[in-house]
Structure formats: C-alpha cells, structure tokens
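Visitor: Could you walk me through this one and tell me what stands behind the labels?

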Amino acid sequence: MKRLTEKELMEILKKDDEITEISTQLQEKFLNERKNDINLIIETIEKNDRKLKQALSEAGGLSLSVPSHVRLSNFTSQTRAVIRKVYNYDLPVSIREILEKTEQEIINFFIHYKHIQPALSLMKFLENNYQNTEQEVNLFRETSKHLKKIKQKVESSDLYNWIKQISYLMMGRFGEHQIIINIIPIILYADNRNFSVQNVAIVVYLHELVHAYTFLGFDKDGHQWNDSPLYNGNKDSYIVEGLANAYSVLILKKLYPETENVIDDLIFNNSTEKYRDFVNRLNFNSPRIYENLRRAMIEFKHNPSMSYQSFLNIAL
Ligand SMILES: [Zn+2]
C-alpha cells in the first residue's frame, strides 16, 4: 500500500481553488494534522477491499463480473462492471458555509479539540498529585478552567453541531460507477463519537459497496438487469438504503465484530428513518435471512416500482 507523500498531499490541497481562504486554511491544517488517520482510512479500505467484495458476493449472490461458467456458454458483450474508488479530501460545502461564520478562535480550538479531553484528564491527575506545591496546583487548576471554557465554546458552536449530525450522506456516496469516500467527514465523525477511523471507514465503504453491487452487479447466473432499476426513476430509498444496511450488518457482524459500536450508531440509531427502518424490522438471527433478503432484492430489481410494503412481505 502506498502512503500519501508530502508532495501528493500538497497537490490535493492546492487542487480546489474555488474554496474560500478560511476553508482552505482549515482544510490544510486539518489534513496536515491528521495525515496518519488519512493513511489509516485508505490502507484499511484497500486492505479489506477483496474480503468485503467476496463476502458481499456470497451474501447477495451478485458479482461484478459475469461468472466464468456463464461466460463460456453464452456470449455476453459486457462481462465486467467497473467501479472506481475515489478518495475525496474536500470540505463539504455545508461545512464551508458554517466556517465562514465561525470565529477564527473556535476554528483554531476546533482543530485541537481531540486533545482537550486528554489534556483535562492530565490536569486533574496533576492537580491531585500530593507532591505539588500550592503554586503548581493553582496553575493546573487555572489551566483546567481555561480548557473547560474552550471545550464549552467549541461544543456550543454551529460547527460542532454540524459534526454531530454527520451521516452516511456526507461520508460516502455511490453514483455513476464511482464510490466516493469523503475523508474529512469520516475523521470528524470518528472523533465526535470516539470511534476508530478504521472501523468507520469499513462501515462507510461497505455501505456504498452494497449500493454498487445491487445496482451494477451481475446475478450469479450471469443475468444483468440492463435498466438498473434499483437507482432509476421512482426509487424507493427505504428499500435501497434498507438493502445496503441489511447486507452491511450481516457482513460486519460476521467478519468485523469490532465495528459493533459504529453499526449501532450509524445504522440502527442516529441515522434517518429510511436508513434504519428496514434493519430494525429484520430478524438477523432468522435461519432464512439470506434467502428472504435475496428474494426480495431480486424481486425489486425486476419490479422497481414495487411498494415498500410488498418488499417487506417478501423480506421479513
Ligand atoms: Zn446509501
């Protein structure tokens, strides 16, 4: 795996000249400060790419290429579905707007927000150390007070509130043969919830990967749905997002139990209803879950205008 070099990082930073100065400044500082996390996200996704695709193929009976036994017997003009992976380093537009209105002081604190809690704990520890002189104790107390003020200021800002509401929509996207991984929102979300960036990256990437498979994938018998009904016209996002999260949960529970906290937060609890409704109805312990899920998915691919209720009737 190739890590980002200083030069590559600078190129990314210079790329977008439309963003305003303050956003650029923050983006630059942030990306520099979090180089390790950026590399961890990329390495995690690249390292698990094959494993995730294989698991998804098995779970859903879909594949990005026509199975070899079909290729031999039937001539098909297209044998592979191409998906590109794009790592995006920009600040989302909605956060740029907030940044324009945020005091520079808060932004500066914000960049170091992750270190405030550990610093507070350290002060508390030092305060209670019996070997300290009174002068030292006072110094630690003053520092604690100052840190708490900063913490409060950051936590009552619009910026912080925006970060609390980060969802799949901001962290990843699938469309037009591309999976886009939004690096900065992933890091901010992981910080805010105290999750590891690796675990968040896996969950976000897998969700988009399920979209890619259900949209572009060939069936295991070689069938391809040429009108790609899952994403056309009157798509029912309860079904589309429900399928993405259902397959995600199945695979994550089995292969990545360490992502449990992220699953609970991002999939079951703090997501909007169209993301969580279906998974909250599913019985993940049912012995027929794969079978029913696949039947419902295939039916939906054949009949994209089906109602959510009819989908549920097959899937549950
Ligand atoms: Zn989605």
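**Helix H15 and a three-stranded sheet**

Guide: In helix H15 (residues 273-281), Tyr-275, Phe-278 and Val-279 are the buried residues. This is a predicted model, where local features need pLDDT of at least 70, side-chain atom pairs count only at pLDDT 80 or more, and totals for chains, interfaces and linings use all residues. Residues are numbered from 1 along each chain as its sequence is written.

Visitor: What makes a residue such as Phe-278 count as buried?

Guide: A residue is buried if 20 or more other C-beta atoms lie within 10 Å of its own, exposed if 12 or fewer, and partly exposed in between, with C-beta atoms placed from the backbone. Tyr-275, Phe-278 and Val-279 are the residues of H15 that count as buried.

Visitor: How do you know on which side of H15 they sit?

Guide: The arc is that of the directions from the helix axis to the C-beta atoms. Here the buried residues cover only 95 degrees, so they are on the same side of H15. The face turned away from that buried side carries exposed Glu-273 and Arg-281.

Visitor: What covers the buried residues of H15?

Guide: The cover includes helices H10 (168-171), H13 (237-255) and H14 (260-269). Helices (H or I, at least four residues) and strands (E, at least two) are DSSP runs, numbered from the N terminus.

Visitor: On to the sheet. Why are E2 and E3 called edge strands?

Guide: The open sheet has 3 strands in the order E2-E4-E3. Two strands pair if DSSP finds at least two bridges between them. E2 (84-88) and E3 (172-175) each have a single partner strand, so one side of each lacks a neighbour in the sheet.

Visitor: What makes the pairing mixed?

Guide: E2 and E4 (residues 178-182) run parallel, joined by 5 bridges, while E3 and E4 run antiparallel, joined by 4 bridges. One bridge pairs Arg-84 with Gln-178 in E4, and Gly-172 stands opposite Ile-181 in E4.

Visitor: Which side chains of E3 point to which face?

Guide: Gly-172 and Phe-174 point to one face and are buried, whereas Arg-173 and Gly-175 point to the other and are not. In a regular strand the side chains alternate between the two faces of the sheet.

Visitor: And what about the hairpin of E3 and E4?

Guide: That hairpin has 2 residues between the strands, and Glu-176 takes a positive phi near 50 degrees.

Definitions and conventions. Contact = placed C-beta atoms within 7 Å.
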